[in-house]
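I opened this one to see how the chain is laid out and where its charged side chains pair up. My notes follow in the order I looked things up.

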Amino acid sequence: QEDVDRFGELDSQVVAISPDPTAVTRERFADYGAFTFPTLSDPDCQVASDYEVTQQDRNGDLKPLHATFVVDSQGVVRWANYGHEQFLGNATLLYQLARLQGRLPKAETPSVVDE
């Protein structure tokens with residue numbers, strides 16, 4: 001949420017997908033505040049399964065992993081991070097978006113100084 005404007009500057013849309021039912025997400029928003037970007041509900045882990053970021057728990061139930069993706073306008077995954085820990089590297093995401101759009105600053109060539 002804190003960098004949502006920066007993502008917008010890169011013509012990117014942030015979307016959260018939660019494994020919680022909609023009612024639980026609404027309760028959390030009431031307690032902690034809502035995001036300014038869409039939050040979708042995936043309680044059956046269908047989207048997580050489609051992106052292959054699930055695992056079975058000890059009871060054999062399918063559980064989603066934490067996952068973060070950069071998906072281009074054609075639906076192609078261009079960058080991904082997933083695992084047991086939440087990804088908090090917004091700077092990395094912003095860099096990847098700028099890189100994919102060819103918007104990184106050009107590196108300057110250091111000048112050679114004769115000694």
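**Surface.** For the accessible area I used the Shrake-Rupley method with a 1.4 Å probe. I should say at once that I am working on a predicted model. With that probe, the protein chain exposes about 9,100 Å², and I find that carbon and sulfur atoms supply 47% of this area. I also looked up burial: of the 115 residues, 19% count as buried.

**Overall shape.** I checked the radius of gyration next and got 19 Å for the protein chain, where a compact globule of 115 residues would have a value near 13 Å. Along the principal axes, the C-alpha atoms fill a box of roughly 70 × 30 × 30 Å.

**Elements.** I find 4 helices and 6 strands in the protein chain. Reading from the N terminus, I noted the order as α-β-α-β-α-β-β-β-β-α. For contacts between residues at least 6 apart in sequence, I looked up how many span a longer stretch: 32% join residues at least 24 apart.

**Charges.** I then turned to the charged side chains. The protein chain carries 9 positive and 19 negative charges, and I find their mean positions 2 Å apart. Side chains of opposite charge can pair when their charged atoms come close. How many salt bridges does the structure hold? I find 4, and I wrote down three of them, as follows.

- D3 meets R6 through their side chains, with N to O at 2.7 Å. I looked up the cover on each partner: D3 is buried at 8% relative accessibility, whereas R6 is partly exposed at 48%. D3 counts as buried because its value falls under the 20% cut-off.
- D20 pairs with R28, and I read 2.3 Å between the closest N and O atoms. R28 is partly exposed, with 44% relative accessibility.
- D72 pairs with R78, where I read 2.8 Å between the closest N and O atoms. Here D72 is partly exposed at 22%, and R78 is partly exposed at 44%.

**A look at A23.** Which helix holds A23? I find A23 in helix α2, which covers residues 22–32. Is A23 buried, partly exposed or exposed? At 46% relative accessibility, I count A23 as partly exposed, because this value lies between the 20% and 50% cut-offs. I also looked up A23 against S41: the two are 18 residues apart in sequence, and their C-alpha atoms lie 9.5 Å apart in space.

Note on methods:
Residues are numbered from 1 along each chain as its sequence is written. This is a predicted model: local features need pLDDT of at least 70, side-chain atom pairs count only at pLDDT 80 or more; totals for chains, interfaces and linings use all residues. Side-chain values use heavy atoms; hydrogens and water are left out. Buried means under 20% relative accessible area, exposed over 50%, partly exposed in between (1.4 Å probe, protein chains only). Helices (H or I, at least four residues) and strands (E, at least two) are DSSP runs, numbered from the N terminus. The radius of gyration is taken over C-alpha atoms; the globule rule is 2.2 Å times the number of residues to the power 0.38. Contact means heavy atoms within 4.5 Å. Lys and Arg count as positive and Asp and Glu as negative; His and the chain ends are not counted. The place of a charge is taken as NZ of Lys, CZ of Arg, CG of Asp or CD of Glu.
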